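This briefing is intended to be read alongside the sequence and the coordinates. It takes up the metal site, then the sheet, then individual residues.

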Amino acid sequence: MSEEPELPMIPDIGDILDRKDKMVEKITTVIKCRSCNIKYDRPFKPGDFTFKKLTDEKCKECSKDTLVIEEIYSEWINPKKK
Ligand SMILES: [Zn+2]
């Protein structure tokens, strides 16, 4: 048996709050091409909204400007973690 006193585990709240502050919101736009039906995502751009037709961007597969925004989602990421 160990003679060491049992210390209660106290979570370091300051450390948790500090970590939360460092999280950044990453917004991703999911694009679908109506021509070749490919779906891919790219970082959100200001002005993006669901079902918007992207006439100023071309499909990376078929190079047609038939892209529509299918979905926009956000996630919290820790930029220090890779
Ligand atoms: Zn396409």
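Donors are N, O and S atoms within 2.8 Å of the metal, or 3.2 Å for Na, K and Ca. In this predicted model, the donors of the zinc ion follow the spacing C-x2-C-x22-C-x2-C along the chain. The points below describe that site, the open sheet of four strands, and two residues of strand β1, Lys26 and Thr28.

**Zinc site**

- The zinc ion has as its protein donors the SG atoms of Cys33, Cys36, Cys59 and Cys62, which lie 2.3 Å from the ion.
- The site is tetrahedral, the angles among the four donor atoms being 107 to 117°.
- For comparison, the ideal angle for four tetrahedral donors is 109.5 degrees.
- Cys33 counts as buried because its relative accessibility is 0%, below the 20% cut-off.
- Cys36, by contrast, has a relative accessible area of 33% and is therefore partly exposed.

**Sheet and hairpin**

- The strands of the open sheet are arranged in the order β2-β1-β4-β3, and their pairing is antiparallel.
- Strands β2 and β3 (53–54) form the edges, each pairing on one side only.
- Strand β1 covers residues 24–33, and five bridges join β1 to the antiparallel strand β2 (residues 39–43).
- Across this pairing, Thr29 stands opposite Arg42 of β2, and Lys32 has Lys39 of β2 as its bridge partner.
- β1 and β2 make up a hairpin with five residues between them.
- Within the turn of this hairpin, Asn37 has a positive phi of about 65°.

**Lys26 in strand β1**

- Lys26 belongs to strand β1 and counts as partly exposed because its relative accessibility is 40%.
- Trp76 lies 50 residues from Lys26 along the chain, yet their C-alpha atoms are separated by 6.0 Å.
- Apart from neighbours within four places in sequence, Lys26 is in contact with Tyr73, Ser74, Glu75 and Ile77.

**Thr28 in strand β1**

- Thr28 is also part of strand β1; with a relative accessibility of 5%, Thr28 therefore counts as buried.
- When residues up to four places away in sequence are set aside, Thr28 touches Asp41, Arg42, Phe44, Glu71, Ile72, Tyr73 and Glu75.
- Tyr73 and Glu75 appear among the contacts of Lys26 and also among those of Thr28.

Methods: Residues are numbered from 1 along each chain as its sequence is written. This is a predicted model: local features need pLDDT of at least 70, side-chain atom pairs count only at pLDDT 80 or more; totals for chains, interfaces and linings use all residues. Side-chain values use heavy atoms; hydrogens and water are left out. Buried means under 20% relative accessible area, exposed over 50%, partly exposed in between (1.4 Å probe, protein chains only). Contact means heavy atoms within 4.5 Å. Four donors count as tetrahedral if all angles lie between 85 and 135 degrees; four count as square planar and six as octahedral if opposite donors are over 155 degrees apart and all others between 65 and 115; anything else is irregular. Two strands pair if DSSP finds at least two bridges between them.
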